[in-house]
Each structure stands twice: as structure tokens, then as C-alpha cells.
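User: Please take a close look at one part of this structure and describe it for a first-year student. A single connected account would be most helpful.

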Amino acid sequence: MAYRQIRISQISGYCGEKVEELVKESGVMLRNRLEELSPTGKVNGGTFKSNWQPPVYVDKGLTARVVNNTQNYAEVITYGINKPPSWRNQFRSRFGLPEGWPTLLAGKDVQNAIPSMWNRIVSKP
């Protein structure tokens with residue numbers, strides 16, 4: 001394990017830089033994992049899968065947002081929001097994905113990877 005000596009007055013800057021790096025890395029990992037898990041339909045040729053946007057960092061780099069905002073049906077096939085009447089208020093997936101799969105699958109994968117990312121980031125000189 002690498003050690004770095006810093007003054008107390010430098011702690012906030014040092015930690016802030018490391019947290020920003022963690023958020024950036026985890027945001028990219030989340031986007032990549034969402035793309036991997038996204039269904040590729042036969043009708044549209046994978047436009048949903050290819051339209052995940054790069055992470056947008058807000059709150060001084062402490063929050064990453066990854067969205068698929070170019071498809072009008074993204075909400076319904078990810079979280080079941082605004083279901084059409086033909087779905088009879090039931091979530092449907094031709095690909096075996098559960099309702100809320102971005103959080104349940106991709107989000108959980110990234111969350112599980114954060115401790116090892118953090119260890120690697122803080123051990124850099």
C-alpha cells in the first residue's frame with residue numbers, strides 16, 4: 001500500500017480529487033454496463049442500445065448521470081414508466097429483463113466494483 005503524507009489543510013482537496021476520479025470512473029463503467037445489458041431489437045436495429053449518452057457530471061463532479069434520452073420509449077422499457085394501454089399495467093420485456101433493470105443489474109454491478117476502484121485510486125502516488 002502506498003502512503004502519502006499531506007497536511008491537514010490539504011485533506012479536503014486531496015479527498016475531493018480522489019472522489020471526483022471515482023465518480024468519473026464509475027460513471028463510465030455504468031454507461032458501458034447499461035449498453036452491454038440493453039436489448040437489441042430486430043425492428044430498430046439496436047438504436048436503444050446505441051443511444052446511451054456519456055456521463056454528465058454535476059454537483060462539482062460528485063454526481064454522474066447516464067441517460068438514454070433520444071428514445072421516446074426508454075422509460076417504459078427500463079423502468080416501466082408510462083406503460084401503454086396494451087401492456088395492461090404489467091411490465092413486459094421480450095429480453096427477460098426485470099422492471100428497473102438499469103438499477104437492479106447495472107447499478108448493482110457498479111456499486112459492487114466501487115470498493116476496488118477506490119482502493120486502486122487512493123493507492124496511486
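Analyst: E25 counts as partly exposed, because its relative accessibility is 26%, and the class covers whatever falls between buried (under 20% relative accessible area) and exposed (over 50%), found with a 1.4 Å probe on protein chains only. The model is predicted, so local features need pLDDT of at least 70 and side-chain atom pairs pLDDT 80 or more, while totals for chains, interfaces and linings use all residues. Residues are numbered from 1 along each chain as its sequence is written, and side-chain values use heavy atoms, without hydrogens and water.

E25 has R120 as its partner in a salt bridge, and their closest N and O atoms lie 1.9 Å apart; the term requires a side-chain nitrogen of Lys or Arg within 4 Å of a carboxyl oxygen of Asp or Glu. This pair joins distant parts of the chain, since E25 belongs to helix α1 and R120 to helix α4, with their positions 95 residues apart. Helices here are DSSP runs (H or I, at least four residues), as strands are (E, at least two), numbered from the N terminus. R120 is also partly exposed, because its relative accessibility is 38%.

Helix α1, the part chosen here, runs from residue 11 to residue 37. With 27 residues at 1.5 Å each, α1 should span 39 Å, and the 38 Å between its end C-alpha atoms agrees with that value; the expected span is 1.5 Å times one less than the number of residues.

Some residues of α1 are well covered by the rest of the chain. Buried in this helix are Y14, K18, L22, V23, S26, G27, R31, L34 and L37. Their cover includes the strands β1 (56-58) and β2, as well as helix α4, with contact taken as heavy atoms within 4.5 Å.

Salt bridges are also found further along α1. The structure holds five of them in total. In one, E36 pairs with R33, and the closest N and O atoms are 2.8 Å apart. Both residues sit in helix α1, three residues apart, which is about one turn of the helix. An α-helix has 3.6 residues a turn, so residues three or four places apart point the same way. E36 is exposed, because its relative accessible area is 52%, whereas R33 is partly exposed at 25%.

R33 has a further partner. A salt bridge joins R33 to D109, whose closest N and O atoms are 2.5 Å apart. Here too the link is between distant parts of the chain, with R33 in helix α1 and D109 in helix α4, 76 residues apart. D109 is partly exposed, because its relative accessible area is 28%. R33, E36 and D109 are thus linked in a network of salt bridges.

One further pair of positions relates to the same two helices. K108 is found in helix α4, and K108 is partly exposed because its relative accessible area is 43%. Between the C-alpha atoms of K108 and L30 there are 9.5 Å, although the two residues are 78 residues apart along the chain.

To summarise, helix α4 is among the elements that cover the buried residues of α1. Salt bridges also connect the two helices, one through E25 and R120 and one through R33 and D109.
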